[in-house]
Amino acid sequence: MIEKLHAIYPDLYGANYDEKDMDERFLSLVDGHVKQFGTDDVSIFSAAGRTEIAGNHTDHNLGCVIGATINLDTIACVSRRDDSRVIVASEGFPVVDVDISDSGIREEERNTTHALIRGIAEAFRKRGVVVGGFQANTTTRVLKGSGLSSSAAIEVLCAEIFDNLYNNDSLSPVELAKIGQYAENTYFGKPSGLLDQICCANGGIVGIDFKDPLNPAVTPLEVDFEEHGYQMIVTDTKGSHADLTGEYAAVPPEMRLVASYFGKENLRQVEYKDFIANLGKIREKCGNDRALLRAYHFFKENERVEMMLKELMEGSIDTFLMLVEESGNSSFKYLQNVYPSSNPRFQGLSLALAMSEDVLQGEGAHRVHGGGFAGTIQAYVPQYMLEKYISRMEALFGKGCCTRISIRKLPVARIL
């Protein structure tokens with residue numbers, strides 16, 4: 001087993017990983033499965049978190065984004081069962097035990113892993129695809145609350161386990177992503193988009209166009225930022241996401257408020273030239289300047305994503321990084337998701353961006369990462385500046401706040 005793992009590690013974790021550490025991690029997982037479930041007839045699966053590269057808060061209005069699967073993953077040791085029970089023992093959490101023969105939505109299961117598993121099983125049935133019982137123990141290195149999509153990783157992981165064990169991997173990564181989204185929306189009770197699940201399921205860097213939300217167009221890219229001399233760093237500013245639901249929830253409807261002026265449901269259905277030509281009238285009708293600024297961000301970010309895809313395809317890393325900076329500035333000034341308007345005293349993201357600017361001095365790039373308001377920023381740091389950059393961030397936010405991110409090549413998959 002170890003030899004096979006050694007061969008696959010680079011495609012999972014990039015160039016920078018501790019082989020001994022990973023060996024111990026996987027061997028401990030298998031040993032734990034044998035002790036808990038009494039069988040060594042197992043398979044090993046892996047699903048990674050994701051990083052958003054561009055397209056901040058545009059997917060929910062059918063916009064364009066760039067995302068990537070990363071080197072932080074959730075791994076599972078799995079064995080089949082002969083009944084309809086799914087048992088998942090996640091490190092640090094109570095055991096989840098669900099009989100998937102019961103597909104009913106249960107209100108008491110909202111916001112739980114039980115709901116996700118039940119919803120994923122039902123999504124398979126709706127497609128006429130087989131599901132059955134399994135037992136698994138898992139461990140994760142996808143940071144919680146960091147915008148790296150630990151929940152989406154779990155969703156596509158469970159979907160892949162069903163698909164591999166019972167359907168010989170018949171479904172595409174996008175279909176697995178849709179299954180995860182269905183479970184999250186319908187059973188878990190969170191009205192999320194499809195960005196996180198597609199990035200976690202697909203592997204590598206992808207451009208995603210949500211113009212047709214039922215059939216998003218996915219463009220794979222092959223880029224290694226480290227080969228260009230840059231290390232992607234995500235810095236956790238240790239801000240709390242408590243009481244921020246209203247901040248996140250306000251963004252999509254404010255963009256749609258502008259779209260409604262034109263009788264449209266989403267901004268993607270509106271032309272930028274029409275938006276500009278009618279700006280005064282929209283302002284008078286909507287009575288919400290922030291909505292107009294967020295709409296402006298949407299239109300410009302969509303244009304930027306198209307340019308960034310082109311630059312990445314052509315290997316023009318310097319121009320790409322310039323556009324990353326533009327994206328970050330747009331999020332700060334127009335989207336306004338770098339700190340909560342309800343509590344402007346706490347601006348950890350703003351501080352992290354300021355210190356990044358001070359250290360990098362025009363080299364690399366930096367931007368808010370993910371949903372914003374609290375959490376993490378993303379930076380592309382020249383290799384020769386890494387020590388200085390991490391030291392400055394740790395002095396402000398504490399040791400271990402910086403995570404080195406590499407792009408993972410493999411999709412969600414059974415790896416052994």
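**Salt bridges in the predicted model**

Asp289 has a relative accessible area of 39%, so this residue counts as partly exposed. I start there because Asp289, partly exposed at that value, is one half of a pair. Its partner is Arg283, and the two side chains form a salt bridge with an N to O distance of 2.7 Å. Arg283 is partly exposed as well, at 49% relative accessibility. Keep in mind that this is a predicted model.

How many salt bridges does the structure hold? The count is 25. I will go through two others.

The next one is in helix 10, which covers residues 289-314. Lys300 and Glu303 both sit in that helix, three residues apart, or about one turn. Their side chains meet in a salt bridge, at 3.7 Å from N to O. Are these two buried or exposed? Neither: Lys300 is partly exposed, with a relative accessible area of 24%, and Glu303 is partly exposed too, at 35%.

Some salt bridges share partners. Which residues are joined into one network that way? They are Asp102, Arg106, Glu109 and Arg118. Within this group, the side chains of Asp102 and Arg106 meet at 2.4 Å, N to O. Arg106 has a relative accessibility of 31%, which makes it partly exposed. Asp102, at 30%, is also classed as partly exposed.

To recap: the pairs I covered are Arg283 with Asp289, Lys300 with Glu303, and Arg106 with Asp102. The last pair belongs to the four-residue network that also includes Glu109 and Arg118.

Terms used
Residues are numbered from 1 along each chain as its sequence is written. This is a predicted model: local features need pLDDT of at least 70, side-chain atom pairs count only at pLDDT 80 or more; totals for chains, interfaces and linings use all residues. Side-chain values use heavy atoms; hydrogens and water are left out. Buried means under 20% relative accessible area, exposed over 50%, partly exposed in between (1.4 Å probe, protein chains only). Helices (H or I, at least four residues) and strands (E, at least two) are DSSP runs, numbered from the N terminus.
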